[in-house]
Amino acid sequence: MELRALVEQAKQRGDRAFFERILSPEQGVKALLQALESLGRLPADFEPAPLVRLAQHSHEDVRLAAVKALARLENCELLSFFCERLSVETTTLVRRELVSAIGRLRTPDAIPVLAQSLTDPDPKVVVQAIRGLMVFRECAEVQQALHALMTHPSELVRSAVQHALGTEPRSTPKQPHPHSPNALKNLAIGADALTVLRCLPDESVHLTFTSPPYYNARDYTLYPSYEAYLDFLTEVFREVHRVTKEGRFFVLNTSPVLVPRMSRQHASRRYAIPFDIHPRITALGFEFIDDIIWAKPAPSAKNRNGGFYQHRKPLGYKANSVVEYVMVYRKATSKLIDWNMRQYPDEIVDASRVLGKYEPTNLWQIAPSADPVHPAVFPLELAAQVIQLYSYKGDLVLDPFAGRGTVGRAAMLLERYFLLIEKEPRYFEYAQQVISEGSLLATDYPPRFVGFEEFERMVSEGLH
Ligand SMILES: C[S@@+](CC[C@H](N)C(=O)[O-])C[C@H]1O[C@@H](n2cnc3c(N)ncnc32)[C@H](O)[C@@H]1O
């Protein structure tokens, strides 16, 4: 008979000898782990002695499983045993399980040891202790201990304590989560991204997908320094964070850029934009979710190793760049992604399902797109993939550096709404042309292209 079935029968018979045997320290580690795993729910009168012995076993996996089983007994008489083990246990995972077991006892007698665990060097143990103390959060001593953690160096601890004390920054959205202001639906604004973004209401956008200007690699942008360029992007992304709805995504396409050398006496310079901007984005309150590599076919890359191909001298090698980065961030929140999904009615969820083939890895092979007018567009397929994976039908998708409006076109094709900003008049006019090719698509909000003055008028009337 299977072990689990034997265990069930022994539990019903109250057969202590059976448990003494299968949980005897004489058994090998594998057998003990199997036995511990098969225990399942334990009756309140289960004799803890064999588990207490195994909680002191030399193998950490056995100790861990034994403490887990003991925790399920929720037996307050075990408190002093747990405390004693906690004082000598060196393995983080087991310490965390001990703290969890102590918390589960829900007894005020556990407060001192839980408070002591707030100084554990492992943040995960501290978080576990915070959870245990939450039951007693009305108690002044606990309040004081939790407040002292508000400046803890670990972000995990800080966010757990904010949650415990109810001091998390709470958003007060003006509209239900799936809604966005009608005035912004299928709207393109020909103006500076930062100026426009500053006029947009808080929490009005569901997804942002953008590819910003490439520092000074192309003629359409000039910044006094790389630092000034990063500062500019940071300000734009600060606004993106503000206008993004709770827990929603910001997807950023960038790649290192090469600023060509001025003369033969100078070297060219590469700037690692995705890596330099990343810490600034997370500091704004975006949580890093994924690093997707957009891989292009080798022939599409600019050849950088012609010289090396000839001379073959080490140090002279330069890789041809066939990838760009599609970094995925989520506006940080304590709410799980399921919360975001639950905000939509079933019809929208069903209609938005990503059916058929999709790319399960973070390596997306997509051919680049060349455009007769704009020098740096991303392909419609890339925009469509991002929009399909990170938004629902009827959502508002923002691109503050819209170029020819690829995001707008993809949003319409996928029955989302776009909100585009593009500063260069020639690209803005071109975007109008590109989008109108797609506007034969049925939409309840026909695309509108407005200049800054018209947008200012809309703002003064209120962007509802
Ligand atoms: C890399 S391109 C984006 C191309 C776009 N993804 C497409 O597929 O067409 C960046 C765009 O940002 C625009 N841009 C640069 N600075 C801007 C600013 N301050 N405000 C708005 N747009 C800006 C540029 O004119 C350029 O069209």
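Okay, let's start at a helix: His 163 sits in helix H11, residues 155-165. Before I go on, a reminder that this is a predicted model. Back to that histidine. Buried or exposed, which is His 163? In between, actually: it has 15 C-beta neighbours inside 10 Å, so it counts as partly exposed. If you want a sense of distance, take Arg 85, which is 78 residues from His 163 along the chain, with 29 Å between the two C-alpha atoms.

Now the overall layout. The domain assignment splits the chain into domain 1, 3-165, and domain 2, 182-461. How far apart are the centres of domain 1 and domain 2? Taken over C-alpha atoms, the separation is 47 Å.

Let me go to helix H5, residues 60-73. H5 has 14 residues, and at 1.5 Å a residue these should span 20 Å; the C-alpha atoms at its ends are 20 Å apart, so expectation and model agree. How many residues of H5 are buried? Ten of the 14, so the helix is largely enclosed by the rest of the structure. The buried set includes Val 62, Arg 63, Leu 64 and Ala 65, and further along you have, among others, Ala 69, Leu 70 and Leu 73. Yes, there's an arginine in that list: Arg 63 is one of the buried residues. As for what does the covering, it includes helix H3 (29-37), helix H4 (49-54) and helix H7 (92-104).

Right after H5 comes a backbone oddity. Glu 74 isn't a glycine, and still has a positive phi of about 45°. Glu 74 is in the loop that runs between H5 and helix H6 (79-88). With 14 C-beta neighbours inside 10 Å, Glu 74 counts as partly exposed, because buried would take 20 or more.

There's another one like that. Leu 315 also isn't a glycine, and its phi is positive at about 85°. You'll find Leu 315 in the loop between H15 and strand E7 (323-331). This leucine is exposed, with 5 other C-beta atoms within 10 Å.

While we're on loops, look at Phe 136, between helix H9 (123-134) and helix H10 (140-147). Phe 136 has 19 C-beta neighbours inside 10 Å and counts as partly exposed. Leaving out anything within four places in sequence, Phe 136 is in contact with Pro 108, Ile 111 and Val 142. Thr 107 is 29 residues away along the chain, and its C-alpha atom is 9.0 Å from that of Phe 136.

Okay, cores. The largest nonpolar core has 61 residues. Which of its members touch the most other members? Val 251, Ile 387, Val 397, Val 407 and Leu 419. Helix H13, residues 226-243, gives the largest share of this core, at six residues. Apart from this core there's another, of 46 residues, with Ala 69, Leu 70, Val 94 and Ala 110 among them. Ala 69 and Leu 70 are names you've heard already, from the buried residues of H5. As a general point, nonpolar side chains in soluble globular proteins tend to be buried together.

Let me pick out Leu 419. Not counting residues up to four places away in sequence, Leu 419 touches Leu 184, Leu 187, Val 205, Leu 396, Val 397 and Leu 398.

Two more loop residues. Ser 255 lies between strand E3 (244-254) and strand E4 (257-259), and with 17 C-beta neighbours inside 10 Å it counts as partly exposed. Beyond four places in sequence, its contacts are Ile 273, Pro 274, Ser 321, Glu 324 and Tyr 325. Ser 255 and Val 323 are 68 residues apart in sequence, but 7.6 Å apart from C-alpha to C-alpha.

Then Arg 304, in the loop between strand E6 (286-295) and helix H15 (306-311). Arg 304 is partly exposed too, with 15 C-beta neighbours inside 10 Å. With the same exclusion along the sequence, Arg 304 touches Lys 318, Ala 319 and Asn 320.

Last stop, the ligand. There are 20 residues around the ligand, and the nearest are Ala 193, Phe 401, Gly 403, Thr 406 and Lys 423. What is the make-up of that shell by class? Ten nonpolar, five polar and five charged residues. That's my tour; over to you.

Definitions and conventions. Residues are numbered from 1 along each chain as its sequence is written. This is a predicted model: local features need pLDDT of at least 70, side-chain atom pairs count only at pLDDT 80 or more; totals for chains, interfaces and linings use all residues. A residue is near a molecule or strand if its C-beta atom, placed from the backbone, lies within 6 Å of it. Ala, Val, Leu, Ile, Met, Phe, Trp, Tyr, Cys and Pro count as nonpolar, Asp, Glu, Lys and Arg as charged, and the others, Gly among them, as polar. Helices (H or I, at least four residues) and strands (E, at least two) are DSSP runs, numbered from the N terminus. The expected span of a helix is 1.5 Å times one less than its number of residues. A residue is buried if 20 or more other C-beta atoms lie within 10 Å of its own, exposed if 12 or fewer, and partly exposed in between; C-beta atoms are placed from the backbone. Two residues are in contact if their C-beta atoms, placed from the backbone, lie within 7 Å. A nonpolar core is a set of buried Ala, Val, Leu, Ile, Met, Phe, Trp, Tyr and Cys residues joined through C-beta atoms within 7 Å. Domain bounds come from an automatic or database domain assignment.
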